[in-house]
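Reader: Hey, I've got a protein open on my screen and no clue where to start. Can you walk me through it?

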Amino acid sequence: MKFLAIAVFTVILTVSSARIYERCELARELAGYGFPRHELPDWICLVQSESDFNTRAINHDNSDGSKDWGLFQINDRYWCKGSYRGGKNICGISCEKLLSAGLGYQIDCVRTIFREHGFKGWEGWKAKCRGRHLPSLDHCFSHSAYYFTVEYDNNLPELLMLGNGLDLKFK
């Protein structure tokens, strides 16, 4: 019974520290990391198809036994150190770190994958985004747009509200 209680608590803690991005929120954050604006529709489509914007997504269903981790579903056979025996860990990062609420740990690895394979490095992009007319994200960068972001830094919620010249941060 004690084990069950600990397991349930662990699941609740894991889910509660997950961050689910909104489309525009992620587009703005990627632009802030220097991703070209003309590529943002592809990146947003890729993330939606791979993880549904969930920073703690893990895909256990790969036929080779490998797993895909985090927002960009980075595979532990090649890119990060996870549970796959003999994985290459090309990015030199623990897959667990990819589940962090922030993008910092993922961006360098994503850029490495992109340099080597382009968007074709992600099955979700090939299946759901390639060759499709993707919606513009220009409205995400409008000064009159209001948006709210719940960020998790060390599991402490932070509300960030921006728009119409009003920049407030509550901690």
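**A first look around**

Author: Sure. Among contacts in the protein (heavy atoms within 4.5 Å) between residues at least 6 apart in sequence, 48% join residues at least 24 apart. Keep in mind that this is a predicted model, where local features need pLDDT of at least 70, side-chain atom pairs count only at pLDDT 80 or more, and totals for chains, interfaces and linings use all residues. Residues are numbered from 1 along each chain as its sequence is written, and side-chain values use heavy atoms, with hydrogens and water left out.

Reader: OK, how many helices and strands does the protein have?

Author: Five helices and six strands. Those are DSSP runs numbered from the N terminus, with helices being H or I of at least four residues and strands being E of at least two. From the N terminus on, the order is α-α-α-β-β-β-α-α-β-β-β.

Reader: And how much of the protein is buried?

Author: Of its 171 residues, 38% count as buried. Buried means under 20% relative accessible area, exposed means over 50%, and partly exposed is in between, with a 1.4 Å probe and protein chains only. Helix H2, residues 23–32, has Cys24, Glu25, Leu26, Ala27, Arg28 and Leu30 as its buried residues. Just after H2, Gly34 takes a positive phi of about 90°.

Reader: New topic: which residues lie nearest the centre of the largest pocket?

Author: Asp68, Asn75, Gly121, Trp122 and Glu123, out of 19 lining residues. The elements giving two or more residues to that lining are strand E3 (74–75), helix H4 (104–117) and helix H5 (123–128). H4 gives the most, with three residues.

Reader: Wait, what counts as a pocket?

Author: On a 1 Å grid over the protein atoms alone, a pocket is an open set of points where a 1.4 Å probe fits, with protein on both sides within 12 Å along at least five of seven lines; lining residues have an atom within 4 Å of a point. The largest pocket holds about 400 Å³ of space, where volume is the space filled by probe spheres set on the points, and grid points are joined across faces, edges and corners.

Reader: Cool. Which aromatic residues form a cluster?

Author: Ring pairs link Phe35, Trp43, Phe72, Phe114, Phe119, Trp122 and Trp125 into a cluster. Rings of Phe, Tyr and Trp (its six-membered ring) pair if their centres lie within 6.5 Å; planes under 30 degrees apart are stacked, over 60 edge-to-face, and the rest tilted. By this rule there are seven aromatic pairs. In one of them, the rings of Phe114 and Phe119 have centres 4.8 Å apart and planes at 70°, so the pair is edge-to-face.

Reader: Are those two buried or exposed?

Author: Phe119 is buried, with a relative accessible area of 12%, while Phe114 is partly exposed at 25%.

Reader: I also clicked on Gln106. What does Gln106 touch?

Author: Not counting residues up to four places away in sequence, Gln106 touches Gly70, Leu71, Phe72, Ile74, Leu98 and Ser100. Gln106 is found in helix H4 and is buried, with a relative accessible area of 0%.

Reader: Last one: where is His139?

Author: His139 is found in the loop between H5 and strand E4 (147–153). With a relative accessible area of 52%, His139 is exposed. The C-alpha atoms of His139 and Cys24 are separated by 8.2 Å, though these residues are 115 residues apart along the chain.
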